[in-house]
Amino acid sequence: MPSAPAAPSALSKPQTSKPPASVVKGTTVTLPIGEGDSGPFVRDIQQELIKAGYRLPRFGADGKFGEETENAVMKFQRDNNLAVDGLVGPVTLNRLQEVNHQRVSASDFPLPTGVYRRGDQGNAVKQIQRALKQINFNPGSIDGIYGSNTEDAVKRFQSMYRALADDGIYGPNTRKYIRMELDD
């Protein structure tokens, strides 16, 4: 007797040759998903887009597939050499899942030593920004400028650990905890 299939994740790959569908909390969703759609599956897609670094600054993960979400999907598709149509079908969905579940290590994201704070600029700041983005504390643009977005991302990260001051300043202790998260 075969064992029961594992519960699918919100972004699981369709397993049948019928029209593609994904399951979210017991709800079947027919793909593709596009502008005008709404619900928990759209929210999951939006959260995955944000996790992959595609910002939704006006509405966030609100469960409504509007222009902002469509633009983020199109940018994701363009950046991943997919057909750019603004629709989330099986190919886009699978690629989004792959991007967000790739294993990385601290060696993939070298971190500078020293102390960096708002106003600092350069390659070291870019390294900090890339690492923050990888561990889902999006600092905005990876531009090498330690501005308010980078400071906020550092503060949000620091707030997760009692041992760190929530001051938005990157130093040896914050570096150690970011490195641990990258290796996790």
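## The chain at a glance

Of the 184 residues in the protein chain, 40% are buried, where buried means under 20% relative accessible area, exposed means over 50%, and partly exposed lies in between (1.4 Å probe, protein chains only). This is a predicted model, so local features need pLDDT of at least 70 and side-chain atom pairs count only at pLDDT 80 or more, while totals for chains, interfaces and linings use all residues. Residues are numbered from 1 along each chain as its sequence is written, and side-chain values use heavy atoms, with hydrogens and water left out.

Reading from the N terminus, you meet the elements in the order β-β-α-α-α-α-α-α. That gives two strands and six helices; both kinds are DSSP runs numbered from the N terminus, with helices being H or I over at least four residues and strands being E over at least two. The chain exposes about 10,500 Å², and 48% of that comes from carbon and sulfur atoms. Those areas come from the Shrake-Rupley method with a 1.4 Å probe, and for residues only the protein chains shown count as cover.

How much of the contact joins residues at least 24 apart? Among contacts between residues at least 6 apart in sequence, the share is 40%. Contact here means heavy atoms within 4.5 Å.

## Helix α2 and its cover

Helix α2 takes in residues 67-79. Its 13 residues should span 18 Å at 1.5 Å a residue, and the C-alpha atoms at its ends are indeed 18 Å apart. The expected span is 1.5 Å times one less than the number of residues.

Which residues of α2 are buried? They are E68, T69, E70, A72, V73, F76 and Q77. Their cover includes α1 (40-51) and α3 (90-101).

## Where α2 meets α3

Two packed helices are described by the angle between their axes and the distance between the axes. For α2 and α3, the angle is about 75 degrees and the axes are 11 Å apart. That makes the two helices roughly perpendicular. The axes are lines fitted to C-alpha atoms, for helices over the stretch in contact, and angles run from 0 to 180 degrees between N-to-C directions. As for the wording, angles under 35 degrees count as roughly parallel, over 145 as roughly antiparallel, 65 to 115 as roughly perpendicular, and the rest as oblique.

On the α2 side, V73, F76 and Q77 do the meeting; on the α3 side, their partners are T92, R95, L96 and V99. Sorted by class, this contact has four nonpolar, two polar and one charged residues. Ala, Val, Leu, Ile, Met, Phe, Trp, Tyr, Cys and Pro count as nonpolar, Asp, Glu, Lys and Arg as charged, and the others, Gly among them, as polar.

## A look at α3

With 12 residues, α3 reaches 16 Å from its first C-alpha to its last, close to the 16 Å expected at 1.5 Å a residue. Its buried residues are T92, L93, N94, L96 and N100.

R95 also sits in α3, and it is partly exposed, with a relative accessible area of 24%. R95 and N80 are 15 residues apart along the chain, yet their C-alpha atoms are separated by 7.9 Å.

## Where α5 meets α6

Further along, helix α5 (residues 148-158) packs with helix α6 (residues 172-183) at an angle of about 75 degrees, with 11 Å between the axes. These two are therefore roughly perpendicular to each other. V154, F157 and Q158 from α5 meet T174, Y177, I178 and E181 from α6. By class, you get four nonpolar, two polar and one charged residues in this contact.

E151 is in α5 too. Is E151 buried or exposed? It counts as buried, at 17% relative accessibility. Setting aside neighbours within four places in sequence, E151 is in contact with R118, Y146, D167 and G168.

## Unusual spots in the backbone

Most residues other than glycine have a negative phi, and most peptide bonds are trans. A few places here go the other way. The peptide bond from L31 to P32 is cis, with omega near 5 degrees, and P32 lies in the loop between β2 (27-30) and α1.

N81 comes after α2, in the loop between α2 and α3. Its phi is positive, near 55 degrees, though N81 is a residue other than glycine. N81 is exposed, with a relative accessible area of 72%. N136, which is not a glycine either, has a positive phi of about 70 degrees. You'll find N136 in the loop between α4 (123-134) and α5, where it is partly exposed, with a relative accessible area of 41%.
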